[in-house]
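Colleague: Could you take one part of this model and go through it closely, setting out what the coordinates say about it and how the pieces of the picture fit together?

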Amino acid sequence: MKSFLTLIGRDLRLSIKHRADTIMVAGFFAITVILFPFGIGPEPGVLERVGAGILWVTALLACLLSLDHLFSDDEHDGTLDLLLTAPVAPTTVVAAKITAHWLTTGLPLTLLAPILGVALQMPSESTAPMILALLIGTPTLSLIGAVGAALTLGARRRGVLLPLVILPLYIPVLIFGVGAIDTSGMGFDAGGLFAVLGGFLLMAAALCPWAAAVALRLASE
Amino acid sequence: MVPTMSTRSTAAITFDVHNLSARRGGRTIFENLSFSLKDGSALMVTGPNGSGKSTLLRILVGLLRSEAGTITLTPEDTTEICYAGHRDGLKGGLSVLENLIFWSRLYGAEQDAVNQAVNRMALDTVLEMPADMLSAGWRRRAGLARLALGSASIWILDEPYTALDAENVDRIDSLLNEHVTAGGVVVLATHQAPGFTPNHKINMADYPAKTPEVEW
């Protein structure tokens with residue numbers, strides 16, 4: 001546990017030093033979402049209907065932007081070799097990196113979403129469900145993404161390969177994430193949809209760090 | 001005064017490698033390599049470029065799989081191994097001190113170990129500098145300071161002398177010599193004769209691939 005916190009601490013410290021990276025991801029998210037009202041037009045009802053989908057799809061893409069260098073920075077400067085030979089379980093290393101990734105990507109996106117929801121004319125009743133859905137859903141994105149980042153480590157054209165591997169796996173989160181926001185916005189009970197999102201998170205938390213650790217081992221060969 | 005090294009486990013170490021073979025990219029690199037090391041011994045691995053020195057070392061630390069052969073380590077504990085490769089594993093954005101503190105925490109070392117490592121490698125003038133501002137030699141020194149942080153008894157070093165000037169080669173030599181004297185094991189791949197006498201030597205050119213290659 002101590003080494004887990006040490007690893008998270010290091011990654012957070014690095015993201016503060018390279019804070020432009022975090023700001024760019026949040027900036028990409030904000031600007032892309034704001035483009036939609038301009039593209040679709042201000043007719044009432046239209047944006048409101050597609051708002052949750054726009055937020056989620058943009059969040060997926062923003063998440064992908066930062067996944068690219070989740071492991072490749074450590075691989076490039078030799079840190080990954082040292083971490084894999086250090087007295088720490090590789091799964092712990094991966095779990096810590098995923099947690100740090102979510103804290104610097106998923107969490108800022110979740111906090112930005114309610115503000116952008118206003119630009120998308122989303123009803124105020126859907127603000128709380130939106131935050132909750134993103135809070136449960138974005139860690140799942142980081143977890144699944146870590147497996148893809150580890151699998152594509154060292155591959156040529158990684159920037160194109162990573163989305164091809166990862167985006168199909170994001171579809172279930174997308175469906176239930178949008179469903180949860182829309183259903184709550186219409187005033188119905190969305191407890192079941194949130195439960196499914198939570199189930200995805202638990203399943204990903206159990207499997208992904210392990211799978212990514214195995215993939216990293218293979219990539220270091 | 002020479003700062004004392006951090007405490008090491010005193011259990012007897014045996015590090016046996018038997019008939020090891022390696023394949024990389026469809027080519028057998030070396031075959032039937034064996035050696036046996038006990039506590040207080042140093043192995044120097046030499047050989048021409050591409051003869052498999054780095055591959056051997058990466059297999060020893062478990063980063064690569066061997067094609068055949070066995071590696072037996074007693075006590076059976078991989079945390080006993082500390083590896084230093086070609087790349088120094090320093091985070092460019094962090095200062096030298098931040099890098100060392102990170103590794104000391106990860107290795108579960110005492111707070112004092114960082115000060116000792118800094119003294120050993122005479123790093124005090126660059127402590128606050130970001131690692132990516134350092135010259136190659138300084139980076140190497142900062143990277144190797146990691147060895148003095150942990151309590152691993154087996155050190156596996158790939159070309160530790162690269163980019164170092166004579167004074168710092170001596171620093172590394174005395175660090176390694178002290179480690180061996182204290183009952184540790186050192187395996188180092190190098191082109192440069194170390195300033196102490198390793199009691200085991202391997203020339204990779206003596207273990208060429210004998211299996212005929214499949215023609216494509």
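Modeller: A residue is called buried here if 20 or more other C-beta atoms lie within 10 Å of its own, and exposed if 12 or fewer do. The model is a predicted one, and the part I have chosen is helix α2 of chain A, which runs over residues 19-40. At 1.5 Å a residue, the 22 residues of this helix should span 32 Å, and the 32 Å that separates its end C-alpha atoms agrees with that expectation.

Within α2(A), the buried residues include Val25(A), Phe29(A), Val33(A) and Phe36(A). These residues cover an arc of only 55° around the axis, which puts them on the same side of α2(A). An α-helix has 3.6 residues a turn, so residues three or four places apart point the same way. The partners against which the buried residues of α2(A) pack are α3 (46-67) and α7 (106-119) of chain A.

The face turned away from that buried side carries exposed residues, namely Arg19(A), Ala20(A), Ile23(A), Ile31(A), Leu35(A), Phe38(A) and Gly39(A). After α2(A) comes Gly41(A), whose phi is positive, near 100°.

To place the helix in its wider setting, I add the contact between the chains, where 22 residues of chain B are in contact with 19 residues of chain A. On the side of chain B that touches chain A, β5 (81-84) and α2 (96-106) of chain B each supply at least two residues, and α2(B) gives the most, with four residues. The residues of that side of chain B divide into ten nonpolar, six polar and six charged.

Key:
Residues numbered from 1 in each chain as written. Chains lettered and ligands numbered in written order. Predicted model: local features only at pLDDT ≥ 70, side-chain atom pairs only at ≥ 80, totals over all residues. Expected span 1.5 Å × (residues − 1). Arc of directions from axis to C-beta. Contact = placed C-beta atoms within 7 Å. Nonpolar A, V, L, I, M, F, W, Y, C, P; charged D, E, K, R; others polar.
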